[in-house]
Amino acid sequence: MNTRRVVLFVLLLQVWHGPGSVRAVAGENKTLQRTVDPIEIDGSQLEAFLGKPFDQMRLLAHRGGRFEPVPYQFDERTPERVYVLPEGPKGSGEGANGILDPQDILVFMVSDAGDKVDRAALGSEIAEVAEITLADPVDGGNAWVYLAGYEDAKSAPPAAFQPKVRMVDDADAYRVRGTSYEMQGFVNEVGGRIYRTGINNSFSVPLSAGGMGTNLLDRMKTRVVGHLFFGAVKLTADENNVIGEFDQFRRGPVRGYGRNWIQLQIPVVVAHLKGPKMYLDVFCYDTFILIPMRIHLSFNPKVVGIFGRMSYGYDMNPDAYGMLFYNSENREGFVIDGRTSPQEKHLNPAVDQWRCVTGPQGTMITSSVWDPQYVKSANIAIQYVDDLNVPVEPEGIPGQIGYHHNQSESKGLKPGSYDSLLCWYFPPHFYQGDLLRLEVIRAYADVRERPVEIRIGGRSFPNPGGWPDPIVPRDKED
Ligand SMILES: [Ca+2]
Ligand SMILES: [Ca+2]
Ligand SMILES: [Ca+2]
């Protein structure tokens with residue numbers, strides 16, 4: 001609606017209701033085209049609401065002619081910016097106080113934003129309000145949400161939402177289900193202890209998201225080989241024997257998240273050393289998962305003489321036959337069928353921006369952003385092998401079926417922490433024959449690469465939601 005039409009609309013309403021009773025929603029219609037971005041806003045950006053209990057706040061949007069609460073969550077952190085993870089076997093609510101602090105985070109999805117409305121349209125039961133504008137730096141589109149504060153919890157409208165993602169916690173395994181994906185992790189018994197890892201042993205896409213609901217994985221192969229003392233002691237780990245646990249998490253209506261640690265076991269002869277540790281901070285959303293990953297080396301590899309090779313990626317199963325494999329460096333589309341075509345043999349192994357497996361069975365797109373310090377001392381290569389006759393053990397189904405993975409060899413890593421970001425995208429209804437829909441992949445990459453601009457009051461800042469803060473800040477790691 002242009003300005004003149006808005007003015008006319010308001011004038012007409014004034015004539016209709018008489019002056020003083022105007023409750024026009026006149027504003028601006030949503031023009032933002034973005035659909036996938038998770039939006040994160042630190043409590044420090046919401047000054048008027050600091051110290052307010054969460055149950056006296058709602059996130060509202062004007063959509064389809066209605067002004068209504070939309071799904072959101074507040075994620076609490078300690079003053080040291082460590083996320084509070086109240087659920088799971090080692091879950092603890094310590095550090096959560098139920099009120100908004102500067103380090104807490106308001107989280108919602110861009111798709112839930114709506115039109116701009118006048119303050120008068122919000123209603124007098126709202127004690128304070130913050131208008132939050134979301135602007136696309138690419139095409140200038142805008143959308144709005146309103147954080148509303150109420151005098152007491154009773155005055156706030158009901159806001160019970162179906163979670164957009166479900167993390168299932170039971171003794172059997174760790175499972176997560178979004179609107180367009182379902183994944184399950186390995187459970188390992190090592191030294192008489194049970195470890196529930198976040199390493200996937202099944203993946204499916206439900207019918208409602210354009211998939212077939214069948215498991216498409218043999219397994220996510222995660223292989224680490226390390227040598228200590230210049231080869232005298234060998235450390236190995238794979239998805240069957242790695243120790244690691246998902247022992248703390250939190251489930252909210254917009255996202256669920258938790259920390260999965262994985263540690264290499266050091267043989268008894270050098271038990272005074274702590275094995276290298278990996279932290280996978282898993283943030284699960286409706287159609288994607290973001291994993292800030294930290295590799296933590298506590299000893300000096302030069303002194304200990306460590307060098308190693310790490311690889312991880314997906315080996316598919318025969319239910320994935322007929323699916324197509326692409327990556328940013330190989331866009332012709334390889335057919336996953338357990339047989340190596342001449343084109344597959346000549347794959348370009350350059351480090352890629354994204355990898356995509358898609359078909360009528362469903363879609364999985366993966367993308368990694370490496371720590372620049374890690375890249376400096378690790379040779380990273382991409383491998384794709386589609387050959388039933390060449391097993392890579394351990395595995396469930398002998399042979400490699402569209403097995404695509406990173407392999408990195410590190411020689412000169414210094415002690416310290418290396419932060420990378422792993423992304424899993426599951427765009428619903430993505431597959432359209434051999435049409436590779438790059439604009440959909442672009443939309444997910446844009447969350448981080450061309451972030452939405454957030455405006456509140458006179459301030460504006462880029463949405464940090466494309467790379468969530470790790471569960472524990474780097475300087476607070478044990
Ligand atoms: Ca708090
Ligand atoms: Ca093939
Ligand atoms: Ca296999």
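These are legends for a few views of a predicted model.

**View 1. The whole chain, to get your bearings.** Expect plenty of strands here: the protein chain comes to five helices and 27 strands. Of its 478 residues, 40% are buried. Look at contacts between residues at least 6 apart in sequence, and 69% of them turn out to join residues at least 24 apart.

**View 2. Residues 6–24 and the confidence of the model.** Across the protein chain the mean pLDDT is 89, with 90% of the residues at 70 or more. Residues 6–24 are a stretch to read with that in mind, since here the pLDDT is below 50. Leaving near neighbours in sequence aside, the model still gives this stretch 18 contacts.

**View 3. The hairpin of S12 and S13.** Strand S12 covers residues 217–228 and strand S13 covers residues 233–237; the two run antiparallel and are joined by five bridges. Zoom in on leucine 228 and you'll find valine 233 of S13 standing opposite. Four residues sit between the strands of this hairpin, and phenylalanine 229 is the one to check for backbone geometry, with a positive phi near 50°.

**View 4. The hairpin of S26 and S27.** Here strand S26 (residues 453–456) pairs with strand S27 (residues 459–462), again in the antiparallel sense, over four bridges. Glutamate 453 has proline 462, in S27, as its bridge partner. Between the strands there are two residues, and in this hairpin glycine 457 takes a positive phi near 60°.

Notes: Residues numbered from 1 in each chain as written. Chains lettered and ligands numbered in written order. Predicted model: local features only at pLDDT ≥ 70, side-chain atom pairs only at ≥ 80, totals over all residues. Buried ≥ 20, exposed ≤ 12 C-beta atoms within 10 Å, placed from the backbone. Contact = placed C-beta atoms within 7 Å. Pairing = 2+ DSSP bridges. pLDDT = per-residue confidence, 0-100.
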